Amino acid sequence: MKKLDNTLIIGIGNNTRQDDGLGWCFLEHLEKEGYHEDSLLYKYQLMVEDAELIAKYEKVIFVDACKTQLNNGFEIERVLPAEKVAFSTHEVPPNQILNLCETIYQKKPKSYIIKIQGYVWDIQIGLSNEATENLKKTVSYFKHFAL
């Protein structure tokens, strides 16, 4: 099993909403490649409580589906702590979780987000063909150029 050095990878999504399951599918691919399950976390959405969890890691990688057109079907960006005022806690973005982590726990893990372009969001299990191709490209890139 491949244990990632003090790194947590969080797959965000919902596999019952077709391409919204891309974050989870990314983790499933890593598991098949032998990555240790202790380094992988499946989440429907991020919550403020996740700040405590990520404070234990040096590096955190968020993986989520994206509705925006992306070159090559995926994009990797550095995520920095920032405040975001939200009407509801049902949508807490990674930069806000990082801000809470830094503010409350004085920890600032190096963080990235991997966005994978999706196309279909209906209530159904299974990725679209286009999203499946984007997922394959993303996993291949990640394995060869791990962050």
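Which residue forms a salt bridge with Asp 50, and how far apart are the closest N and O atoms?

## A buried pair

The partner of Asp 50 in this predicted model is Lys 43, and the closest N and O atoms of the two residues are 3.0 Å apart. Asp 50 and Lys 43 are both buried.

The count of salt bridges in the model comes to five. Further examples are described below.

## A link between helix 4 and a loop

Lys 143 and Glu 33 also form a salt bridge, with 3.3 Å between the closest N and O atoms. This pair connects distant parts of the chain, as the two residues are 110 residues apart. Lys 143 belongs to helix 4 (residues 129-144), whereas Glu 33 is found in the loop between helix 1 (22-32) and strand 2 (40-43).

Lys 143 has a relative accessible area of 34% and is therefore partly exposed. Glu 33 is likewise partly exposed, at 34% relative accessibility.

## A network involving strands 4 and 5

A salt bridge joins the side chains of Lys 115 and Glu 77, at 3.3 Å from N to O. Because Lys 115 lies in strand 5 (residues 110-117) and Glu 77 in strand 4 (residues 74-79), the pair ties together parts that are 38 residues apart in sequence. Glu 75, Glu 77 and Lys 115 are joined into one network by salt bridges that share partners.

With a relative accessibility of 22%, Lys 115 counts as partly exposed. Glu 77 is partly exposed as well, its relative accessible area being 30%.

Definitions and conventions:
Residues are numbered from 1 along each chain as its sequence is written. This is a predicted model: local features need pLDDT of at least 70, side-chain atom pairs count only at pLDDT 80 or more; totals for chains, interfaces and linings use all residues. Side-chain values use heavy atoms; hydrogens and water are left out. A salt bridge is a side-chain nitrogen of Lys or Arg within 4 Å of a carboxyl oxygen of Asp or Glu. Helices (H or I, at least four residues) and strands (E, at least two) are DSSP runs, numbered from the N terminus. Buried means under 20% relative accessible area, exposed over 50%, partly exposed in between (1.4 Å probe, protein chains only).
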